[in-house]
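Please work through the following exercises with the sequence and the coordinates open beside you, and try each task before reading its solution.

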Amino acid sequence: MFRLGFHLTLRSGREGLVRLLITTVAVGIGVGLLLSVLAMFHAYRTTIDRPCWECTDKASASGSLLWNYSQDYYGGATIERLDVATLAPGAPTMPGLAHMPPAGQFFASPALAKLLAEAPGDRLGARFPGTLSGTVGAAALDSPDELVIVVGRPAADLQALPQTIRVASVDADPRGLGTSPFYQFGFALGTVALLVPMMVLIGNATRIAAARREERYAAMRLVGATRRQIGLFASMESIVGAVAGAVLGIGFYAVLQPGLARIPLLGFRFFPPSITPTGWGIAAALVVVPVAAAAAGLVALRRVGISPLGVSRRVTPPAPRAWRIAPLIAALGVFAVPLTADPEKQRNSPGLAVGSLILVMLGLLIAGPWLAMMSARLLARWSGSGSGLLAARRLADNPRAAFRAVSGLVLAVMVGTALAAIVPAAVASEKAGGSGSLSGVLRVGFVNGDRHTKGPVLGLAPADAEPLLAAVAAVPGADPIPLYHPAGAGDGPATVVRCADLARLPALGTCPAGAATVLLDTGAIYTDNISALDRLLPLPTSPARVDDPSRLLLSDLLVRTDGPGTLERVRTALSRYSGVIDPFESPMTFGEVGHVRAELYDDIQRVVILLAALTMLIAGSSLAVAVAGGLVERKRPFTLLRVSGTATGVLYRAVVLETVLPLLAATMVAVGAGLLLAYPIARALAPSRHTAVLPDTGFYLILSASLAAALTLIAACLPILGRLTATRNVRFE
């Protein structure tokens, strides 16, 4: 039986080979894309599980290593800086290094080493004392683009810095980002969004010339073949195509892998060696997709087993009823209610949401034929043309087949709508704002004492602040504006600023008439949401009874610069005081803070666009296969209409109408379902959100372009109808 099934698969003529080829390609694309998603997820997990050496903060009196971690900034990128001093042999070291650098030397990541060689010394290189003598390995880095430097310092110099601690070991625990809800939802949604349309494509490919195969299998039933044997023959073709497609998929993934290394999924690229699926992931991709393809083949030809004569194929199936919309509504409820009622629980355990998302997709597939039937009734009522009546009759005769042709594209529209609405809502707080004239202003926060001790950290003492302010003022083109902490104000956000200084930065606030100093509430200037800061400016002020603010603690420093070069020189001057600068607040301009958030937003948008493009590509292929297969399937009735005098243009318009109407009707429902999906997900990611989420304007342009592309695909298939019904090809049987 297996040999006969294999023989029938390979010797079924041109149609059989085309069908086998399409199935193989569809499975290959599915396996390749699934392996790509699994590879990116493995790279994500590998990255977030990297030992967090930056998290080292446990001081030990018996430790043999002095440790001072801080962050710097250059040209739009953060530099992670670690100053160390070894106190005894056998001192601990960090991942990626065989040993810590001695005094007078430093180790840099490959990206930073390249930058040091290219950038002017007074803008970057002068920040790091010593000479480059080694490389920080990948074990200490998240990305090949990450900027990390480990500087060896004399113990006496390092001990004098307030933030220095003595450690006995380097933290090896992961950073704990594995529960990030956005990326968990993203990977799950991406996998489902790719696999379900892929199964639709495989099913449509399997159904090409299904009627002729049913006739062949019915004849085999008449000569004694059992249902089990027919099922074996029917699935053999899908299995052969699935196995060949699995092999093709591995090659397709190998082609995609270099491109995956250029995708900044978390705001940065992954190391190429980490972009590989696990052994279980490969096994799942090579088993799940082929098995699903074989199942799709059996489902597509399930009617053969009803009777040896296959009579059921020629009987018009009953019209779909309105109950078909119920599963979609129920699935939306199962999806939305838990996410809305308990966002915290669903955010941390998205399994129910992912499962119900699959149910929503299945519900849309179940409701589709009923939507196609409604389209047929509207067309029959309002259309008086021959093509309209032909299309309405076809839709009414088999609405399931009519919707099957557009089902992949409808699913893609639903997923695309949900993604287009979720992403802006989830990262709205990440968007950049112009922040007026503060865009090019550098902000620096100071600490005084050990950040690991309890109690308030107020700012920099006057004796330490004076040389720092002098060093910044000495940089040509720099204009420092100091903010002081008022005496007796505790650890509140209020600061004292001279009115003469504030006058040079009017966007921040203004002084009352006659005041020499004012109190300024600057708690908002360290927000990472610059759009929110825009709405707060100018900040409120009140007169301060301070004669000489320079005797107070220096809380913050704002620096106006006349260009990028001056900005980097100011940061270089500040690097000599890195021990008193807040180690977790890099000296950045307000515009740079906004740029970081905007860059993350753009990276996420690019990934979403890529996912939507892949989904649309699969859906478009499914549409083309379904339309072409439907034309081949109905060769006989179309030919009879042609020889009886029906114009080719009438047939063309009928095919377009019977495809476009279900597509438009189901698309409207899909857009609505996508918006209903987006709201609870946005609530889960941001529990404070209570307003509706809507896609950006660009989404509607993409949706219109996708529908136009669908019409183009349909039009591209119409010449097949002309060749099939040509009078020279007519045979009277």
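**Exercise 1.** Determine whether glutamate 658 and arginine 394 are buried or exposed, and describe how the two are paired.

Solution. In this predicted model, begin with the accessible areas: a residue counts as buried under 20% relative accessible area, and both glutamate 658 and arginine 394 are buried. Next, consider the charged atoms, where glutamate 658 and arginine 394 form a salt bridge whose closest N and O atoms are 3.9 Å apart, a value that can be set against the cut-off of 4 Å. Finally, place the partners in the chain: glutamate 658 belongs to helix 20 (residues 648-685) and arginine 394 to helix 12 (residues 386-397), so that this pair links distant parts of the chain, 264 residues apart.

**Exercise 2.** Locate the salt-bridge partner of aspartate 72 and state where each partner lies.

Solution. The partner is arginine 127, with 3.1 Å between the closest N and O atoms. Aspartate 72 is found in strand 1 (residues 65-74), while arginine 127 sits in the loop between helix 3 and strand 4, 55 residues away along the chain. Aspartate 72 and arginine 127 are both buried.

**Exercise 3.** Explain why the salt bridge of arginine 560 ties together separate parts of the sequence, and then follow the network to which arginine 560 belongs.

Solution. The side chain of arginine 560 meets that of aspartate 479 in a salt bridge of 3.5 Å, N to O. Because aspartate 479 lies in strand 8 (residues 478-485) and arginine 560 in strand 12, the pair connects parts that are 81 residues apart in sequence. Arginine 560 is partly exposed, at a relative accessible area of 34%. Salt bridges with shared partners then join Asp479, Arg498, Asp501, Arg504, Asp548, Arg551 and Arg560 into one network. As a further check on this region, the C-alpha atoms of arginine 560 and proline 480, which are 80 residues apart along the chain, are separated by 6.4 Å.

**Exercise 4.** Describe how strand 3 is paired with strand 4 and with strand 5, using alanine 108 as the reference residue.

Solution. Strand 3 (residues 105-108) runs parallel to strand 4 (residues 131-135), to which 4 bridges join it, and within strand 4 the bridge partner of alanine 108 is threonine 135. The chain passes from strand 3 through helix 3 (residues 110-118) to strand 4, a β-α-β crossover that is right-handed. With strand 5 (residues 147-152), strand 3 is antiparallel and shares 3 bridges, and here alanine 108 stands opposite isoleucine 149.

Technical notes
Residues are numbered from 1 along each chain as its sequence is written. This is a predicted model: local features need pLDDT of at least 70, side-chain atom pairs count only at pLDDT 80 or more; totals for chains, interfaces and linings use all residues. Side-chain values use heavy atoms; hydrogens and water are left out. Two strands pair if DSSP finds at least two bridges between them. Helices (H or I, at least four residues) and strands (E, at least two) are DSSP runs, numbered from the N terminus. A crossover is right-handed if, with the strands pointing away from the viewer, the path from the first strand over the helix to the second runs clockwise. Buried means under 20% relative accessible area, exposed over 50%, partly exposed in between (1.4 Å probe, protein chains only).
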